[in-house]
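Thank you for making the time this morning. I would like to walk through one model with you, going from the chain as a whole down to a few individual residues.

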Amino acid sequence: MHWTCRHDELSSIELDDQMVAIDNPYQIKAQDWSLERKNCQNDNGNTQAVFNALETMLKDSLERLKTIRESISVAGSALWECTSHVNCTGHAALVRALCVDGKVGAALRLRNRMLQKCIILDIFTHNYLINGLCKMGNLDKASSLIKEMKEVGPTPNRITYNTLIRGKGDIVQALEQWGLMSQKGSQVDAVAYNVLIHGCVKKDMRLAYMYFCEMLKRGFLPDLFTYNTLISGLCKLGKLDEACEFYSVLSKMGFTPDHISYKMVIQGLCHYGDVIKANKFLLSMLGYSVVPEPLIWNAVIEGYGNSGDVNHAFKIRDQMVASGVAPNIFTYNALVHAQVKGGNIIDAQSLKQEIISSGLIPDIVTYNMLIGAECNIGHVDFALQLYDEMRRRGYKPDIITYTELIRGHCSKGNMKNAVEIFSKIQRSDSPIDHVPFQILIKTYCKMRYPEKAFEIYQEMVRKGLISRRSAYHALISELRRKKFIQEALQVCTQMLKLGF
């Protein structure tokens, strides 16, 4: 029931007149009584005429009282309906505000109180409730509310069902809901298909293709979101050729690729090593006067760095600046990585100064790469200077920092220092992986100290970590050489359990 205001039943002047009359009922039309009395006195003492006059006056008075009562009833009804309409609108807005604030329970209680007063909130407000329940993960309650809406109103619409399907993060549940909608003949639209395809892409591209084809057969035209969803799924699976095919379809269908389209394809190509093709897409963006965001530039720079093409990495950086996009710390880290990978340690160090000159601050990634580069060439003292500088800047060393320093000390044979850092990792709350263990095991084996290597190995096993096969082989070889047969067999058994 929707309350509406009725302004045409009774004018304010009429209502005032009637209310005055009610306040003084004994003065209702007193002049009429006087007039009738005078008429009776002139009626030659006709008693019947007197009674007739009294009867007429009584009927007239009763009719007036009835009219007054009805007028008051109409006025009260109109006032109630106007007030209810205002309250309904205000409560609906409050329900939506509570849902936005995450107070869905309070919103539902208010909605139920309104329902008890026979006031049903609109579909727009109910969709807020459904969305809030789905965000909380309370899908059963959301489904129950939709069932209740079908019984008492308002009737669920496409947005209602689309919200529920999107809320069912589990694709199996989403497909079940889709099946129920199909059985009941519920209307679906392109948005519903987009939601379903997006869910399928995360689990099964074949299902995504199937619903994409079904979408076309039912006459729903895919939009840019549909194509971007499919391109994203294909890129994540490494099916770059198919992703590029869908990209080419965009233009044929009259769509202009957006930043998301380009970003997914370029990142996918760079991730799988085809940086040359990625650069072509970058140039395509510039050709359409679409300025790529820093993330896209950085992906191509990193791609060239990974391929060892430092010159092209810097050319992309220069092109980025020329396009009016300022390099960020991720840009510089990609360039530092390119220089380190190319063995240009001095140039990598100079980039740190360039970062500071540009108003940025080197982050822990920058320092870890530079520390690792110095350790790899045996410049442990300079690596320790970078370590101290990093800490002065307020960065807390992580497992990568410590691992690089352990590697540096091991390369110089400074096992005491390496073990001290290793012990520091053990005492800290930093998560640890197999790499520090592997470095120490292989270094001790190379130094012909298999018993110390075996101690490190046992600690690694206690922590449930698994090293690479080369570390196990090196340890077994040295244990056998030193006649530690039992220990060698123990490592062999562990290798067999791991499937090596």
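Of the contacts in the chain with a separation of 6 or more, what percentage is accounted for by residues 24 or more positions apart? The figure is 59%, and I should say at once that we are looking at a predicted model. The chain has 26 helices and zero strands, and buried residues make up 40% of its 500 residues.

Let me turn to the interior. The largest nonpolar core holds 92 residues, and the members that touch the most others are Ile231, Ile266, Ile406 and Leu475. Apart from this core lies another one, of 20 residues, which includes Leu98, Cys99, Leu108 and Leu133. Going back to Ile231, and leaving aside residues up to four places away in sequence, its contacts are Ala243, Phe246, Tyr247, Leu250, Met264 and Val265.

Next, please look at helix α20, residues 380-392, whose 13 residues reach 18 Å from the first C-alpha to the last, close to the 18 Å expected at 1.5 Å a residue. Its buried residues are Val380, Ala383, Leu386, Tyr387, Glu389 and Met390, and these pack against α18, α19, α21 and α22. After α20 comes Gly394, with a positive phi near 95°.

One of those partners, α21, also meets helix α23, residues 435-446: the two axes come within 9 Å and cross at roughly 10°. Because an angle under 35 degrees counts as roughly parallel, α21 is described as roughly parallel to α23. On the α21 side the residues are Ile399, Thr403, Ile406, Arg407 and Cys410, and they meet Val435, Pro436, Ile439, Leu440 and Thr443 in α23. By character, this contact divides into seven nonpolar residues, two polar and one charged. Ile406, then, appears both in this contact and among the core residues that touch the most other members.

Finally, a few points of backbone geometry. Most residues other than glycine have a negative phi, and most peptide bonds are trans. Against that background, the peptide bond from Gly153 to Pro154 is cis, with omega near -10°, and Pro154 sits in the loop between α6 and α7. Ser289, in the loop between α14 and α15, has a positive phi of about 60° although it is not a glycine. Lys483, in the loop between α25 and α26, likewise is not a glycine and has a positive phi, of about 70°.

Are these two residues buried or exposed? Ser289 is exposed, with a relative accessible area of 65%, and Lys483 counts as exposed at 65% relative accessibility.

Notes. Residues numbered from 1 in each chain as written. Predicted model: local features only at pLDDT ≥ 70, side-chain atom pairs only at ≥ 80, totals over all residues. Heavy atoms only, no water. Core = buried A, V, L, I, M, F, W, Y, C linked by side-chain atoms within 4.5 Å. Buried < 20%, exposed > 50% of the residue type's maximum accessible area, 1.4 Å probe, protein only. Contact = heavy atoms within 4.5 Å. Helix = DSSP H or I, 4+ residues; strand = E, 2+ residues; numbered from the N terminus. Expected span 1.5 Å × (residues − 1). Axes fitted to C-alpha atoms, helices over the stretch in contact; angles between N-to-C directions. Parallel < 35°, antiparallel > 145°, perpendicular 65-115°, else oblique. Nonpolar A, V, L, I, M, F, W, Y, C, P; charged D, E, K, R; others polar.
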